[in-house]
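Please look at the structure below, and keep the sequence at hand while you read. The briefing that follows goes from one pair of strands to the whole sheet, and then to the core.

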Amino acid sequence: MIGVGLIGSGFMGKCHAMAWNSVRIAFGDMPEIRLVHLGEANAELAARRAAEFGFARASGDWRAVIDDPEVDVVSLTTPNQFHPEMALAALRAGKHLWCEKPMAPSFAEAEAMAAAARASGKVAVLGYNYIQSPAIRHIRRLLDEGAIGTVNHLRVEMDEDFMADPDAPFFWKHEAASGYGALDDFAVHPLSLIQNLFGRVTRVLCDMAKPYAERRTEAGGRRAVETYDIASCLIRLETGISGTLLANRSAWGRKGRIALQVFGSQGSILFDQERFNEFQLYVTSDRATEQGYRTILAAPQHEPYGRFIPAPGHGLGFNDLKTIECHELVAKIEGRPANVIGFDDGLDIERTVHAMARSFETGGWMEVGGEW
């Protein structure tokens, strides 16, 4: 049996709770999951969310979740700036950890988290659920098989419009304490796909922008925006592949877009997270008279789609990806092969993000892992 503690019950906290509730139903090869303890900012909210999510106990102090001897694994879904203290406490208490991305606002904090994970001997993974998509998994298989030849270039864009309205109020993601902005709030997800499919980034050139320099406050005043909603980067991978990475939190009309374009010597692959139950494949091995992009719909043949739906083309959802990620976490805890991004691999993503930020500050190319 695995006892679960949850800290934070907002958007991602609810996603984690739904995953823990459904993972055994979807996969079957699971130990018993017991939802033990939920922690929130105050006791009243914690009690309400625990009743809704199915947790046995609730506390208005996150430390009580970590101190609970019946909690084996902690789901950490609080805002970014709270990750370091909570993650370090959980790992030092001997708990496995499922922490939402990014690791931390500063690289030193992320390094401390990775060191604590290594010292603990416990499983510590990050919430990069997009790598769990059946389509992405099959794209990786096609790349491994050489379906489009040698990859030479890739382009990745992540766009949403939840910050596109200039009249929207200032909130915590506009504070410097939360990080750089789109770079670490958003770009880490495309970087997780790049790392999972192609390997590590070695060199970067980055520019960042603020479409709105200030926002109104709830009190009726104005406050300067401290983070950047737009990031545009040139990247070079350890394999020699060149690419671009673009992220924008103020892109009207884009709701959950992660657009991946992969170009090889014998074809190309297109994928968009807004339509993540399909991808497009172009191969030069087709006759010239029929060459063109074919759309491939997700189906039971694209594992683990069939764990959820027995019929092709019906489509999975965002929360299903979280359930797949939960299954991989439990597999890792049990010592089985697992497709996860642990804290050391996550630290490489953080290292890339901070190199991008340093590139913006200096105005030049930056080596990932260099002095900055």
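In this predicted model, strand S5 and strand S6 (residues 124–126) run parallel to each other and are joined over 3 bridges. Within this pairing, Leu97 stands opposite Ala124 in S6. To get from S5 to S6, the chain passes through helix H5 (residues 107–120), and the resulting β-α-β crossover is right-handed.

**Strand S5 and its other neighbour**

- Strand S4 (residues 73–76) is also parallel to S5, and 4 bridges join the two strands.
- One of the residues of S4, Val73, has His96 in S5 as its bridge partner.
- S4 and S5, together with helix H4 (residues 83–92), make a right-handed β-α-β unit.
- Along S5 (residues 96–99), His96 and Trp98 point one way while Leu97 and Cys99 point the other way, although all of them are buried.
- This arrangement can be read alongside a general pattern, in which the side chains of a regular strand alternate between the two faces of the sheet.

**The whole sheet**

- The sheet is open and is formed by 6 strands in the order S3-S2-S1-S4-S5-S6, with parallel pairing.
- Strand S3 (57–59) and S6 are the edge strands, since each of them pairs on one side only.
- On average, and with direction ignored, neighbouring strands of this sheet are turned by 20 degrees against each other.
- Towards the S3 edge, strand S2 (residues 33–39) pairs with S3 in the parallel sense over 3 bridges, and Gly39 stands opposite Ser59 in S3.
- Helix H9 (residues 318–333) lies across strand S1 (2–7), S4, S5 and S6, and runs at about 155 degrees to S5.

**The nonpolar core**

- Which residues have the most contacts inside the largest nonpolar core? They are Trp20, Leu97, Leu183, Ile194, Phe198 and Phe343, in a core of 110 residues.
- Helix H10 (residues 343–362) gives the most to this core, contributing 7 residues.
- Leu97 therefore links two topics of this briefing, because a nonpolar core is made of buried residues: Leu97 is buried in S5 and is among the residues with the most contacts inside the largest core.
- When its neighbours within four places in sequence are left aside, Leu183 is in contact with Val188, Cys206, Met208, Ala231, Cys233, Val353, Met356 and Ala357.
- As a general background, nonpolar side chains tend to be buried together in soluble globular proteins.

Notes: Residues are numbered from 1 along each chain as its sequence is written. This is a predicted model: local features need pLDDT of at least 70, side-chain atom pairs count only at pLDDT 80 or more; totals for chains, interfaces and linings use all residues. Side-chain values use heavy atoms; hydrogens and water are left out. A nonpolar core is a set of buried Ala, Val, Leu, Ile, Met, Phe, Trp, Tyr and Cys residues joined through side-chain atoms within 4.5 Å. Buried means under 20% relative accessible area, exposed over 50%, partly exposed in between (1.4 Å probe, protein chains only). Contact means heavy atoms within 4.5 Å. Two strands pair if DSSP finds at least two bridges between them. A crossover is right-handed if, with the strands pointing away from the viewer, the path from the first strand over the helix to the second runs clockwise. Axes are lines fitted to C-alpha atoms, for helices over the stretch in contact, and angles run from 0 to 180 degrees between N-to-C directions.
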